[in-house]
2 protein chains.
Amino acid sequence: MQDKINDILKKNHLSITEARKKILALFWESGNAMAHGDIEQKSSEEFDRVTIYRTLQTFVEKGIIHTIPTADNSVRYALCKDECGAGHHHDDHVHFICDDCGTTYCIDEVNVPKVKLPKGFKAAQTDLVISGTCNKCEQ
Amino acid sequence: MQDKINDILKKNHLSITEARKKILALFWESGNAMAHGDIEQKSSEEFDRVTIYRTLQTFVEKGIIHTIPTADNSVRYALCKDECGAGHHHDDHVHFICDDCGTTYCIDEVNVPKVKLPKGFKAAQTDLVISGTCNKCEQ
DNA sequence: AATATTTTGCAACAAAGTTGCATTGTTGTA
DNA sequence: TACAACAATGCAACTTTGTTGCAAAATATT
């Protein structure tokens, strides 16, 4: 996995640093989306808060991760599909946020339907955000 | 309009106060979604920041307004359809956020398609968030 | 290995949101 | 309408979240 991570960083002309390797690895291990706070905790204060902010920002700019809209104000990040292995890039995402445990899932099986917008509106990105109860939290 | 506003507040067992009347009126006048900051500006610092936070929170709890997920971390609020006059309540929303001017539109003409989720996932709310260029910002 | 470039951590700051409590405003009742 | 009960507001202090500039450290380039 370390090789894969190095590849991604090289491909994006980024220096290979401890912080970037660790944070990328965290995304892989978790599988789900993570908020800044999650990363801060999971890296057990190994890196400065500022470094994490800047790393996430860099990753978003390079298209390695993407932000997920949430109704509360917590920004969450997840690996872009490109980097998930599927190998095709697109800007449409379906995400499921569990109201119980807060976990954010990327739902890849579902396609975002094309929406016909009123005249003059041009879509650049479409996010379908579904909240409810996940399969771990249902009784 | 003042009557309508009073009705809504009464119906929800809320005291009729200046702050609530003014903030509800702002939502009507604007037509679009508003962030906390917008409200603070538009009420020209008539009310304490804390009052605005608490009022918005109360309105959300009572189902008078709802939050809109956004990819940046700005929480936005909009009137629920119930209170918009359409008279039917549902938890599915289509919103358009302009990357240029930042305006958030509630797109009512479009229906959120029902999405089939993996086993064990139960949807409570579905938000379709589209970002791009609005009809005022296109050249 | 030495230099150029990039990244990091620190400090200081700005913005956003929260909490407790005394004061004020609103409501229901006599 | 006046009074008591209750709810909402404003203030102050605080926490959390995110940003910026700059020197020190790590990484890349030759």
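**Exercise 1. By class, how many nonpolar, polar and charged residues does the surface near DNA strand C have? Then work out which residues and helices build that surface.**

Before we start, keep in mind that this is a predicted model.

Step 1. Start with the class count: the surface near DNA strand C has 7 nonpolar, 6 polar and 5 charged residues.

Step 2. Now put names to some of them. There are 18 residues around the strand, and those that come nearest are A:Thr17, A:Arg20, A:Thr51, A:Arg54 and B:Ile16.

Step 3. Look for the helices. α2 (18-30) and α4 of chain A, along with α4 of chain B, each bring at least two residues to the surface near DNA strand C. The top contributor is α4(B), with 4 residues.

Step 4. Check which part of the DNA is being touched. Sugar or phosphate makes up 65% of the atoms of DNA strand C within 4 Å of the protein, and the rest belong to bases.

**Exercise 2. Which protein atoms lie 2.8 Å or 2.9 Å from a phosphate oxygen of DNA strand C?**

Step 1. Take chain A. A:Thr17 places a polar side-chain atom 2.8 Å from a phosphate oxygen of the strand.

Step 2. Move to chain B. B:Ile16 uses its backbone: an N or O atom there sits 2.9 Å from a phosphate oxygen of DNA strand C.

Step 3. Stay on chain B for B:Tyr53, where a side-chain N or O atom is 2.9 Å from a phosphate oxygen of DNA strand C.

**Exercise 3. Go over to DNA strand D. Which residues are closest to it, and which side chains have an N or O atom by its bases or by a phosphate oxygen?**

Step 1. Find the neighbours. DNA strand D is surrounded by 19 residues, with A:Ile16, A:Tyr53, B:Arg20, B:Thr51 and B:Arg54 the closest. Of the strand's atoms that come within 4 Å of the protein, 63% are accounted for by sugar and phosphate.

Step 2. Sort them by class: 8 are nonpolar, 6 polar and 5 charged.

Step 3. Assign helices. α4 (49-62) of chain A, plus α2 (18-30) and α4 (49-62) of chain B, each supply at least two residues here. α4(A) gives the most, with 4 residues.

Step 4. Zoom in on the bases. The side chain of A:Arg49 has an N or O atom 3.0 Å from a base nitrogen of DNA strand D. For A:Arg54, a side-chain N or O atom is 3.4 Å from a base oxygen of the strand.

Step 5. Finish on the backbone of the DNA. A side-chain N or O atom of B:Thr51 is 2.4 Å from a phosphate oxygen of DNA strand D.

**Exercise 4. What rotation superposes chain B on chain A, and why can we say that the copies meet through the same surface?**

Step 1. Read off the operation: a rotation of 179° with 0.0 Å of shift along its axis does the job, at an RMSD of 0.3 Å. That's how a two-fold axis relates two copies.

Step 2. Compare the interfaces. Because 97% of the interface residues of chain B are also interface residues in chain A, the copies meet through the same surface.

**Exercise 5. What lines the largest pocket and the largest cavity?**

Step 1. Start with the pocket, which holds about 410 Å³ of space. It has 23 lining residues, and the closest to its centre are A:Ala71, A:Asp99, A:Ser131, B:Thr67 and B:Gln125.

Step 2. Trace the strands. β4 (92-98) and β6 (122-133) of chain A, with β2 (65-68) and β6 (122-133) of chain B, each add at least two residues to the pocket lining. By class, that lining has 9 nonpolar, 9 polar and 5 charged residues.

Step 3. Turn to the cavity. The whole structure has 1 cavity of 30 Å³ or more, and the largest cavity contains about 40 Å³. Its lining includes A:Asp72, A:Asn73, B:Asp72 and B:Asn73. The class split is 4 nonpolar, 6 polar and 2 charged.

Note on methods
Residues are numbered from 1 along each chain as its sequence is written. Chains are lettered from A and ligands numbered from 1 in the order in which they are written. This is a predicted model: local features need pLDDT of at least 70, side-chain atom pairs count only at pLDDT 80 or more; totals for chains, interfaces and linings use all residues. Side-chain values use heavy atoms; hydrogens and water are left out. A residue is near a molecule or strand if one of its heavy atoms lies within 4 Å of it. A polar contact is a pair of N or O atoms within 3.5 Å; within protein, one must be able to donate a hydrogen and the other to accept it, and residues adjacent in sequence count only if both atoms are side-chain atoms. Ala, Val, Leu, Ile, Met, Phe, Trp, Tyr, Cys and Pro count as nonpolar, Asp, Glu, Lys and Arg as charged, and the others, Gly among them, as polar. On a 1 Å grid over the protein atoms alone, a cavity is a set of points where a 1.4 Å probe fits but cannot get out, and a pocket is an open set with protein on both sides within 12 Å along at least five of seven lines; lining residues have an atom within 4 Å of a point. Grid points are joined across faces, edges and corners, and a volume is the space filled by probe spheres set on the points. Copies are superposed by least squares on the C-alpha atoms of residues with pLDDT of at least 70 in both. Contact means heavy atoms within 4.5 Å.
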